[in-house]
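Here are my notes on the model, set out as numbered points. Please read them with the structure open.

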Amino acid sequence: MRSIVIAGYGVKVCARNNLIVITKGSEKRVLAPSDIDQLILATSGISISTKALRLLMRFGVDVIVLDSRGYPVARLYQSHITRTVDSRRAQYEVYVSELATMYAKSFAESKIMNQGLYIKYLGRVLDLQDLVDTGTKILELVNDLARISGPINEARHEIMGIEARAARMYWGSIASIIPSDIGFDGRDQDSSDQLNTSLNYLYGVLYSEVFKALCLAGLDPYAGYLHTDRSGKPVLTFDFIEMFRVSAVDSLLVKLFREGFRVRIINGVLDPKSRSELISRYLEWVSRTVKPIDGRASDLRSMIRSFARRFAKCLRTRSRFRGFVERWWC
């Protein structure tokens, strides 16, 4: 997939002779819409014409508008969604049964397993036995999840509590291997250190990816199981993204910052150059081939869409859902 990232101020996107023209001052870039899969508008100060939007939609190009923290504020894409009625009806019906707890546990289990396996992987690569041991302890929490049962409104608190225990061990391990100049002491959404700010930004980009995958699978991204329903919040997106945070974002940023990569933060947000660089690195990272424990190897972006379709099928058939867990030990 070819993604075009536009970051900066005073950039104009228009259409001429069935081509997309991107200009900034005296610089000009001309692209055929057939060569673009995704157009990401990463900063304010970008103008795009309706003629360009129509052309992009005609060629099925996905247009995403991000805010300064990386969260998608708008998205345009072709409105073809498969099996919408069957999938959404099943999604709503399942919520009032104990299957909702089973699916919530599946999301949490996948998240915890990815965290544990990744920490064990880092421990082996870096020859740090403490990390290997911590990864093992994180994985053991999956056994605690298995014992939870009952209606989702009663089980949710227990599931979240186990997730929180895993997160403390996971982020403590990550903090121990991140260079000290980053100032990372652990996961804190409100912190302005380079790693937390970058995590917030790329999680926003990943949210957009997951939201679209769920829509195209015929699901309602606002009706979830693990996270409590909140007006205007796409809680199924919050549920589903848990399976992919480690593989799509955490592992990338750990690699980059340990290799010397740094970002610039102004007034608590990334500057345009840093945003553009992070998105470019992210797009490369999710294009890599990964091997899940359950399923065939594929690029990570395709894996997100594949597991969304798999989950929709599980809802329709009321069957068990095995979430995405990367085979980190390979």
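1. Is F244 buried or exposed? F244 has a relative accessible area of 0%, so it counts as buried; buried means under 20% relative accessible area, exposed over 50%, and partly exposed in between, with a 1.4 Å probe and protein chains only. F244 sits in the loop between α7 (235-241) and α8. Helices here are DSSP runs of H or I with at least four residues, strands are runs of E with at least two, and both are numbered from the N terminus.

2. A word on the source. This is a predicted model, in which local features need pLDDT of at least 70 and side-chain atom pairs count only at pLDDT 80 or more, while totals for chains, interfaces and linings use all residues. Residues are numbered from 1 along each chain as its sequence is written, and side-chain values use heavy atoms, with hydrogens and water left out.

3. The surroundings of F244. Apart from neighbours within four places in sequence, F244 is in contact (heavy atoms within 4.5 Å) with L206, V249, L300, M303, I304, F307 and F324. Of these partners, L206 is 38 residues away in sequence, with a C-alpha to C-alpha separation of 8.4 Å from F244.

4. Helix α8. S247 belongs to this helix, which covers residues 245-258. S247 counts as buried because its relative accessibility is 0%. Residues up to four places away in sequence aside, S247 touches N114, W285, R288, L300, F324, E326 and W328. L300 and F324 therefore appear in the contact lists of both F244 and S247. K255 is also in α8, but with a relative accessible area of 36% it is partly exposed. The C-alpha atoms of K255 and I178 are separated by 9.4 Å, although the two residues are 77 apart along the chain.

5. The loop before α7. L226 lies between α6 (194-216) and α7, and it is buried, at 0% relative accessible area. Beyond its neighbours within four places in sequence, L226 contacts A104, F107, A108, R156, I159, M160, E163 and D239. M160 is 66 residues from L226 in sequence, and their C-alpha atoms are 8.0 Å apart.

6. Strand β5. Which residues cover the two faces of this strand? In β5 (residues 38-41), Q38 and I40 on one side and L39 and L41 on the other are all buried. β5 pairs in the parallel sense with β1 (residues 3-6) over four bridges, where two strands count as paired if DSSP finds at least two bridges between them. It also pairs in the parallel sense with β7 (residues 62-66), again over four bridges. I40 stands opposite V5 in the first pairing and opposite I64 in the second.

7. The chain as a whole. The secondary structure comes to 10 helices and 12 strands. Of the 330 residues, 53% count as buried. Among contacts between residues at least 6 apart in sequence, 67% join residues at least 24 apart.

8. Overall dimensions. The radius of gyration is 20 Å, which agrees with the value near 20 Å for a compact globule of 330 residues; it is taken over C-alpha atoms, and the globule rule is 2.2 Å times the number of residues to the power 0.38. Along the principal axes, the C-alpha atoms fill a box of roughly 60 × 50 × 35 Å.
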